[in-house]
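Visitor: I'd like to walk through this one and hear what stands behind each label.
Guide: Sure, have a look at it here and then ask away.

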Amino acid sequence: MGTLLKNAHHFPAVPQAGLELGTARRAEFVNITPRLQEIVQCNGWKEGILTAFVPHTTAGITIQEGADPDVVYDILGWLERTIPWVDPSYRHGEGNTAAHIKASLLGSSIRCLLEEGRLRLGTWQAVFFCEFDGPRNRKVWVSFEPASSP
Amino acid sequence: MGTLLKNAHHFPAVPQAGLELGTARRAEFVNITPRLQEIVQCNGWKEGILTAFVPHTTAGITIQEGADPDVVYDILGWLERTIPWVDPSYRHGEGNTAAHIKASLLGSSIRCLLEEGRLRLGTWQAVFFCEFDGPRNRKVWVSFEPASSP
Amino acid sequence: MGTLLKNAHHFPAVPQAGLELGTARRAEFVNITPRLQEIVQCNGWKEGILTAFVPHTTAGITIQEGADPDVVYDILGWLERTIPWVDPSYRHGEGNTAAHIKASLLGSSIRCLLEEGRLRLGTWQAVFFCEFDGPRNRKVWVSFEPASSP
C-alpha cells in the first residue's frame, strides 16, 4: 500500500505526498495507479492536476495500457533490443548506461487530471513506474495542484 | 473546429475542455495548435499554463516544427523504421504493439505557457497530436492553470 | 549567469522568467540546474512547481544524472548511433532531421517541485538542456506555480 513520505507538517503550503515501492526485476513496469488513487483519497484531493515525479535517473514513468500485460512486456522487449545492456562504446563505469538512456526516453514525470477525487484517465490507461535497473527500493513523489475557478 | 467535451457545469471548479479529431492514416501527426488556441479563446483563458493530455495508449503528443511538413514526415519515417509494425517477439494480440511503444516514447501530455490569451510557443513550434494506430476518432483533454500573483 | 528574459512588468500576473545559453557543439547536454536555482532565488519562489520549457524544435530537456559526465556522454552516443545525422530517407531540406527526432524523443519541458526555495531533485538528478543542432544561442522559459493550501 502507498506509504506517505511527507506529512502535512513537513509541507504546510504544498499538497505533496509520495509512495515507496520495491521492484523485483532488472526491468519491469509496475502499475501504480491504485496507489496514486489511494494517495488522492487519503489527502482529500478533489479537483485539479496531479504530477507524479520519479527522483531516480535509472527509472522512468509512463502512462500506458493497463489491461493486457503483454503491452508492457512488448515495450520492455523493444527497449532491451534497441538499447543493449552491454555496448563497447559505453563509458559510464557503473555498467547501467542502458537504464539511464531508457529513463530519459520515457521521462521523469507524468500529469493526470483529477475529477471528483478520481484520477481521470482514458479507458485503457494506467500509470506505470518503469524500473530499468532493479531490483531496488524506489520512490515516486506526488504533488497536487488544486483547480482554481475560471 | 474544436468541440468542447466538457462544459462548465460538469467541472464547476476546474477549467477543463477538450477536442475531438478524426485521423485519416495509421500514422500521422496532426497540428492541433489552432484548435488549442480556439479552446483558449472560447474559455477566456488569459495567463497561466495549458496542459494537453491524450487519453489513448496508441497515440501521443509532441511539440515540433510546424512550418515544414517534411519534419514530421521524417520523424514518422524514423519511428516506423526503428519500431517495426510486425516483429516475431511481440506478444500483444491486437497487433498494434508498435503504436504503444511509439506512444510511450513521445509521451501523453505537453505543457505550454499562455500569455495574454495566446499560446506562447517558440517561432517554429506547433503542437501535434501523434496518431500511431489510425484511422480513429480521438480526443485530447485540455486543462488550464491560471497564474497566481508572484 | 542566468539572464532574466522577462521582467515583472511584462508578466504582471504570471511568475515567469527565462535563461539564455550558448552551446558549443552540435550535440551536448548542458547542466542548467544552478541557473534554474538562481532564477528561483532571484524571484523569491518558495513552494510550488517549476516548469522549464524549451522553445526550440531541435533541442530538448531532460532530468538525468549530474554526477558522472559519462552518463550524458553515453546517452548522446546512443542517440547518435540510433538516429543517424545523414539518412537517404530524410526529406527535410535543412539537413537537421536527426535533431528534430531527438528533440521529440526527449521532450520540450520538465517539471520539478520546489521546497523552501530549492529545486527538489533526487540525489543524482540534474536538469539538462539537450542541444542537438548546435552550436547556437538558446533559451529556456521557466514558469512557477505557487502551491495552494490543501
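Visitor: What makes helix α3 of chain C largely enclosed by the rest of the structure?
Guide: Buried means under 20% relative accessible area, exposed over 50% and partly exposed in between, with a 1.4 Å probe and protein chains only. In α3(C), residues 97-106, 10 of the 10 residues are buried, so the helix is largely enclosed by the rest of the structure. Among them are His100(C), Lys102(C) and Leu105(C). Helices here are DSSP runs of H or I with at least four residues, strands are E runs of at least two, and both are numbered from the N terminus. Just after α3(C), Gly107(C) has a positive phi of about 105 degrees.

Visitor: Where do these values come from, and how are things labelled?
Guide: This is a predicted model: local features need pLDDT of at least 70, side-chain atom pairs count only at pLDDT 80 or more, and totals for chains, interfaces and linings use all residues. Side-chain values use heavy atoms, without hydrogens and water, while residues are numbered from 1 along each chain as its sequence is written, with chains lettered from A and ligands numbered from 1 in the order in which they are written.

Visitor: Which residues is Leu105(C) in contact with, leaving aside its neighbours within four places in sequence?
Guide: Contact means heavy atoms within 4.5 Å. On that rule Leu105(C) touches Ser104(A), Leu105(A), Trp78(B), Leu105(B), Leu106(B) and Ile83(C).

Visitor: What is called a salt bridge between Arg111(A) and Glu145(B)?
Guide: The term asks for a side-chain nitrogen of Lys or Arg within 4 Å of a carboxyl oxygen of Asp or Glu. The side chains of Arg111(A) and Glu145(B) come to 3.2 Å, N to O, so the pair qualifies under that cut-off. Between chain B and chain A the count is 2 salt bridges.

Visitor: How much area is buried between chain B and chain A?
Guide: Buried area is the accessible area, by a 1.4 Å probe, that two parts lose on being put together, summed over both. Here that comes to about 2900 Å², with carbon and sulfur atoms giving 56%. Arg91(B), Ser104(B) and Trp141(B) supply 20% of what chain B buries against chain A, more than any other three residues.

Visitor: Why is Glu116(A) called exposed?
Guide: Glu116(A) has a relative accessible area of 61%, which is over the 50% mark, so the label fits. Glu116(A) sits in the loop between β5 (109-115) and β6 (118-120) of chain A, and its phi is near 50 degrees, positive in a residue other than glycine.
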